[in-house]
Structures are given as structure tokens and as C-alpha cells.
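The exercises below ask you to read a ligand site and two sheets from the coordinates, and each is followed by a worked solution. Please try each task on the structure before reading on.

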Amino acid sequence: MTNNSRSSQAPSRASFVVVANRLAVERTTDDQDEPCWRTSPGGLVTALEPIMKAKEGAWIGWHGAPDEVLEPFRHDGIDMVPVPLSRDEVAEFYEGFSNATLWPLYHDSVAFPEFHREWWDAYVKVNRRFAEAAAEVAEEGGVVWVQDYQLQLVPKMLRDKRPDLKIGFFLHIPFPPQELFQQLPWRKQVLEGLSGADLVGFQVPGGAANFLRLMKDRLGLETRRGEFVRPDGTRGRAGAYPISIDAQAFQDLANHPETVERAKEIREDLDAEIVFLGVDRLDYTKGLRQRIRAFGELFKSGQLDPDKAVFLQVATPSRERVEEYKRLRDDIELLVGRINGDMGRIGRAPITYLHAGYPRQEMAALYRAADVMVVTPLRDGMNLVAKEYVACRGSGDGALVLSEFAGAARELKQAWQVNPYDIDGMKDQILAAAGADQTEKRRRMRQLRRQVFTHDINRWAETFLRDLGLE
Ligand code: ADQ
């Protein structure tokens, strides 16, 4: 998918525009070691690619390098519009307000949110820059879809400039209840920002309900049946649009002969009768501390035999410049080291911990190799890892242990569900999943697979855009 095509021409106006913190491409080098762009591997890009191409769409986002101004360019049939960020803005808007204020606040305050006025000022400034770029690129009457918590002010800023547009907003993370949200010193501005959208999408109905209640209680807007009425009499809507994955693509990847072979190798290397797997971004919302503690206790008590079972935890490096993430990494490594030191023997550690990101095919091989997938976030908007595991279990077996506090729990009801704060309860469910007979595992997996395959990423994008009024 690499492509060198670059032109310095400003993009023509587009009838469909996506605005996201990051551009849909990332830098790489081609066969001749020349720098070029390649499409980012994420699900959002894959889902929107066909619509973007059909509509001659434009994608607005930061290209990932601070203090660099780039001209718009075309990549693989899509106009890319890079938004520059200075080094200070990356620190204050992205690492600061987005990831050290909003991220913890919106995830139940599982880490302490920091409130700094300079961070807020940077958030406003950068949101305005994104809104201006969208106002310039969108054609008369076009559709603009704004993504996620970094850009919550964009809908209103854009609406003020371009009332002709249809504006959608989708929040990928949870939207907190009023009791938490109202800690935010800039709560009113954020709500006003979101109220500029014609359709505000959340992962679960609870997020939409929290939002509508705040529209009424904090902004004094009239709300009824999923709608809110702005002071000028115009209306917006809010609803749940649970995001998903390209289930067929994951299944195909998992069934590829190379992946099958690789999964066998992983099993041989792990040399265990039963393999438990965790795959997460290294983030304090993902419940890694509690999960590792639960496995430590299971190995210690002998309920899991370190000679027969192994827990493989893959943690992708993430937000490494944010303090709380550095602390988390140290904690996890200490915890794993202690358990392996206590319970391992020469040539055998009960926990294999890998701090790395992997290509998609390796992920599919890991999912294939795992008997039990353990997904236990303290709070998660959706959690795609759970769905990816299900999509890769074409054999119809395997077991999923899933936190009640992931958005995915609403859809994946046949998983062994857990409260990740309840370590004993989590241990029981891990053992129950591992010990279930094949018939039970297959029955549950069949239903999980039906859900994931009938509610894939294409359905998510189509439903949202249809409700927004994209023709
Ligand atoms: P994330 O918090 O990043 O996403 P998740 O939904 O699990 O969480 O998505 C992670 C993605 O990264 C998955 O596609 C997974 O395959 C990939 N990944 C994880 N570890 C990896 C590794 N070691 N190597 C390579 N890839 C890895 C946010 C929200 C979620 C929401 C999504 C989408 O926090 O709740 O589901 O957006 O809306």
C-alpha cells in the first residue's frame, strides 16, 4: 500500500471530510530507502477508505512530526490535509489536555486527571486550527465527520463558520456520568463544542444518555428522545454506534497458511498445555496490574500449574512521555519480575511479558495460538482486541474472559464476564473459562462470532453516515 504520490497543490473541495487527531497515513521508506507514506493500519481508515475514494474525500489530521508544516497531498485516491503542531502544542494539547486531563477523566478517573489552564488554552487553539482546515476543505453542503476526544470543540467552531455543513462527531472512549464530568473546569465549553454536531455518536447507550443529561442540566437545552434543541431552534441528535472490526479480513488473515504455521511455532515456543493471552496498549485503563496480580495468585496457589500453563502478555508501548505511563510500565515490569522470580524455574517462566507492537499477521497468529483470551480493562470505550480474538477463532473454540466495563461487554454476552476490581472473582472466571468443556466453549464462541460478523466495521460506518444523512 505504499505510495509516493505527492503533490503540493491544495486539495479541491471535498463532499466528505474526516477530521481526526492523526492523518490516515504514516511515514515509512520504500524499496529504495526513499521516504514515503503508507496507509495507517487502523480499522477506522480501512472502514472509511471505500467511502473516501468514492466521494473523493479528504482526511484532515496531524502527520506526527512536531514543528513541520506540510502541504496537502494525495495518497491512494484520498486528499490528505496535514495540520501542523508545534512541539509545545504536542506537549500541551496532545500529551497534556488530551491524554493527562480528558483521558483519565473520561475513564472513571482511574488515574488522577490534571487540570492546567495552559493545556486548555492549547486545546482551544489546536481545535480552532482543525476547524479552520475543515471549513476550508469541505464543499457547500458537504459532510464532515470529526473523531474523538482530542477534537470536541471542532463541531461548534465549524458550525459557526459553515452552517451549511452536516457535522458528525464520534467519541471512541467512554463519556462519563455527570458526577465526574462536572469536575472539568471547562465543562461548559466542551459541551457547547459537541453541541455543534448534527449527530453525536457514542460507543454505548449510556454515553449518549450521560451526554443528553448534561445538555439539559448544564446547557439548559431541551432534550427529547435522543435529540437536543440548540438556542437557535436547530436540533442535534445523540446515539450509540458501537464500533467494530473488519471481521472477515481478520478471519482471512488468521486462516492464511503462514499465520497457521506461525501460530504453531508460538505454541511450540511456549511449550504449555494451556496458553492464556493478554494484548493491550500499555495503558492504566486496561487493568494490567489487577490481571497480572490475579495470574500471580493462581500460579502461587497451584490452581494454575506453572509447568503446564503460561500467561503471555503483550503490551504495546504507548504515550511514553506521559508520567503516569512511565510509572505504569515500571509497576508492571516489577510485578512480572517478582512473580517469575518467585514461581519460575530455569528455562520456564509462568508469565511471558513482551513490551512491543506487532504487525497484524503476528497478532492474528497470537489469537490463534491462545486457548483463553483475557481482556480485563477497568474502563474501555469498546475494546477491539476482544472482537479480533473472536474473529480469528474460525475453529469455533477458544474462550474469552471479558471485563464488564468494556463497551464490548454489551455485545459479547457469551464471554466469561468479570469485574476487574474483584481479583478473586476474576480468578474464578479465568479458571471457569479454561476449564469449560469443548461443547460449552463452542456454543459460546458460535454466538460471539455471529455477533461480531453481523456487526462489523462497515456496518458501523454505514449506520452512522446514513443517520447523519450522507447520500
Ligand atoms: P484503544 O484503547 O487503543 O482504542 P482497542 O480497542 O483495544 O484499544 O484497540 C487496540 C488496537 O491496537 C487493536 O486493533 C489491537 O489489535 C492493536 N494492538 C494492541 N496491542 C498491539 C500490539 N502489541 N501490536 C500491534 N497491535 C496491537 C480506543 C478506545 C477503545 C476503542 C477503540 C476504537 O480506547 O475502547 O475500542 O479506540 O474505537
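A polar contact is taken here as a pair of N or O atoms within 3.5 Å, and the model to which this is applied is a predicted one.

**Exercise 1.** Identify the polar side-chain atoms of His 172, Arg 281 and Glu 388 that approach the ligand, and state how far each lies from a ligand oxygen.

Solution. Begin with Arg 281, which places a polar side-chain atom 2.9 Å from an oxygen atom of the ligand. Next, the corresponding distance from a polar side-chain atom of His 172 to a ligand oxygen is 2.7 Å. Finally, for Glu 388 the separation between a polar side-chain atom and an oxygen of the ligand is 2.5 Å. As for how much of the ligand is covered, the protein takes up 83% of the 710 Å² of accessible area that the ligand has on its own.

**Exercise 2.** Describe the shell around the ligand by its residues, its residue classes and the secondary-structure elements that supply it.

Solution. First count the shell: the ligand is surrounded by 22 residues, with His 172, Thr 316, Tyr 358, Asp 380 and Glu 388 being the closest. Then sort the shell by class, which gives 11 nonpolar, 6 polar and 5 charged residues. Last, assign residues to elements: at least two residues of the shell come from each of strand S13 (274–281), strand S14 (309–316), helix H12 (360–369) and helix H13 (384–391).

**Exercise 3.** In the open sheet of 6 strands, establish the strand order, explain which strands stand at the edges, and place helix H10 relative to the sheet.

Solution. The order is S15-S14-S13-S16-S17-S18, and the pairing is parallel. Strand S15 (351–355) and strand S18 (416–418) each have a single partner strand and stand at the edges, so one side of each is left without a neighbour in the sheet. From one strand to the next, the twist averages 20°. At the S15 end, S14 and S15 run parallel and are joined by 5 bridges, and Phe 311 stands opposite Ile 351 in S15. Helix H10 (residues 288–301) lies across S13, S14, S15 and strand S16 (372–375), and the helix runs at about 165° to S14.

**Exercise 4.** For the open sheet of 10 strands, give the order and the kind of pairing, then work through the pairs that involve S12.

Solution. The order reads S5-S6-S4-S1-S7-S8-S9-S12-S11-S10, with mixed pairing. Its edges are strand S5 (73–75) and strand S10 (222–224), each of which has a single partner strand, so that one side of each is left without a neighbour in the sheet. Turning to S12, strand S9 (residues 199–202) pairs with strand S12 (residues 235–240) in the parallel sense over 4 bridges, and Gly 201 has Gly 239 in S12 as its bridge partner. By contrast, strand S11 (residues 227–229) and S12 pair in the antiparallel sense over 3 bridges, with Phe 228 opposite Gly 236 in S12. To finish, follow the chain from S11 to S12: the two strands form a hairpin with 5 residues between them, and Gly 233 in the turn has a positive phi of about 90°.

Terms used
Residues are numbered from 1 along each chain as its sequence is written. This is a predicted model: local features need pLDDT of at least 70, side-chain atom pairs count only at pLDDT 80 or more; totals for chains, interfaces and linings use all residues. Side-chain values use heavy atoms; hydrogens and water are left out. A residue is near a molecule or strand if one of its heavy atoms lies within 4 Å of it. A polar contact is a pair of N or O atoms within 3.5 Å; within protein, one must be able to donate a hydrogen and the other to accept it, and residues adjacent in sequence count only if both atoms are side-chain atoms. Accessible areas come from the Shrake-Rupley method with a 1.4 Å probe; for residues, only the protein chains shown count as cover. Ala, Val, Leu, Ile, Met, Phe, Trp, Tyr, Cys and Pro count as nonpolar, Asp, Glu, Lys and Arg as charged, and the others, Gly among them, as polar. Two strands pair if DSSP finds at least two bridges between them. Axes are lines fitted to C-alpha atoms, for helices over the stretch in contact, and angles run from 0 to 180 degrees between N-to-C directions. Contact means heavy atoms within 4.5 Å.
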